[in-house]
Every structure is written in C-alpha cells, then in structure tokens.
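Work through the exercises below with the sequence and the structure open beside you. Try each task before reading its solution.

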Amino acid sequence: MCLGIPGRIIEITDVANCLAKVEVSGVRRVISVRLLEADLPEPDDWVLVHVGFAMAKIDETEALLTLAAVKKLGDAYSDEVQAFDTSAII
C-alpha cells in the first residue's frame, strides 16, 4: 500500500531543480517539490509526500491529525516510513 504522508520541509536544497529536504517521522530525505513549483514550500511548511514528491502543501494541524491517523494503520504506516527511508531522488 502506498500512502501520502505529511512531512515538514527542513530546507530547500536545490531551487533550480525543485528539491527540498523533508522530515517524515524522524526520517530526513530529499524530495521533489516540482509539482508545487507555482507555490514552492519554504522551511517549516508541511507537505503531503508520496513516492518522493510533495503532492500538496498542508497546514500543521492537518499534518499532525493525518500523522496520528496513519500511525494507527500499523504495518502499512511502518512499511511506508521504511520505503521513504530507503528511497532517493536520482
């Protein structure tokens, strides 16, 4: 199962290529924010992350509620965080 998981933008690592470092449940990874190019996120913004892409900006309240809900999925949540931890933008 693939989920969209909220992550907090830590830094914009490459403006020209629309890359940002995001933290999801303690795991930090560089993701693409190109889909949000018209309204690029900034550090401390929350985004919904799916397969290495920020799909949407979300507010912190929505992010925290969503994280609480997906954590209740147990293995599906753990699998998603593990997949996020082992993925990379090439």
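**Exercise 1. How many salt bridges does the structure hold, and what separates the partners of Arg-8 and Asp-44 along the chain?**

Solution. The model is a predicted one.
Step 1. The number of salt bridges in the structure is seven.
Step 2. One of them joins Arg-8 to Asp-44, with 2.7 Å between the closest N and O atoms. The cut-off for a salt bridge is within 4 Å, so this pair qualifies.
Step 3. Arg-8 belongs to strand β1 (residues 5-14), while Asp-44 sits in the loop between β3 (27-32) and β4 (46-50). The two are 36 residues apart, and the pair links distant parts of the chain.

**Exercise 2. Decide for Arg-8 and for Asp-44: buried, partly exposed or exposed?**

Solution.
Step 1. Recall the cut-offs: buried is under 20% relative accessible area, exposed is over 50%, and partly exposed is in between.
Step 2. Arg-8 has a relative accessible area of 26%, so Arg-8 is partly exposed.
Step 3. Asp-44 has 53%, so Asp-44 is exposed.

**Exercise 3. Describe the salt bridges of Glu-37 with Arg-34 and of Asp-45 with Lys-57, and classify the four residues by accessibility.**

Solution.
Step 1. Glu-37 and Arg-34 meet through their side chains at 3.8 Å, N to O.
Step 2. Glu-37 is partly exposed because its relative accessibility is 46%; Arg-34, at 38%, is partly exposed.
Step 3. In the bridge between Asp-45 and Lys-57, the closest N and O atoms are 3.7 Å apart. This pair links distant parts of the chain: Asp-45 is in the loop between β3 and β4, and Lys-57 is in strand β5 (residues 53-58), twelve residues apart.
Step 4. Asp-45 has 23% relative accessibility and counts as partly exposed. Lys-57 has 33% and counts as partly exposed.
Step 5. Through shared salt-bridge partners, Arg-8, Glu-23, Arg-28 and Asp-44 form one network.

**Exercise 4. Which residues stand opposite Arg-8 in β2 and in β4?**

Solution.
Step 1. β1 pairs with β4 in the antiparallel sense, over four bridges. In β4, Trp-46 stands opposite Arg-8.
Step 2. β1 and β2 also run antiparallel and are joined by five bridges. In β2, the residue opposite Arg-8 is Glu-23.
Step 3. β1 and β2 form a hairpin with four residues between them. Cys-18 lies in the turn and has a positive phi of about 55 degrees.

**Exercise 5. Which residues make up the largest nonpolar core, and which elements give two or more residues to this core?**

Solution.
Step 1. In soluble globular proteins, nonpolar side chains tend to be buried together.
Step 2. The largest nonpolar core here has ten residues: Ile-9, Cys-18, Ala-20, Val-22, Ile-31, Val-33, Leu-36, Val-47, Val-49 and Ala-54.
Step 3. The elements giving two or more residues to this core are β2 (19-24) and β4.
Step 4. Another core, of six residues, lies apart from it; Val-24, Ile-58, Ala-63 and Leu-67 are among them.

**Exercise 6. Which residues make the nonpolar surface patch of about 390 Å², and is Val-51 buried or exposed?**

Solution.
Step 1. The patch is made by Leu-35, Val-51, Phe-53 and Met-55.
Step 2. Val-51 is located in the loop between β4 and β5.
Step 3. Val-51 has 55% relative accessibility, so Val-51 counts as exposed.

Conventions. Residues numbered from 1 in each chain as written. Predicted model: local features only at pLDDT ≥ 70, side-chain atom pairs only at ≥ 80, totals over all residues. Heavy atoms only, no water. Buried < 20%, exposed > 50% of the residue type's maximum accessible area, 1.4 Å probe, protein only. Core = buried A, V, L, I, M, F, W, Y, C linked by side-chain atoms within 4.5 Å. Patch = residues over 30% accessible without salt bridge, like charges linked within 9 Å, V, L, I, M, F, W, Y side chains within 5 Å. Areas by Shrake-Rupley, 256 points an atom, 1.4 Å probe, with all protein chains shown as cover. Pairing = 2+ DSSP bridges.
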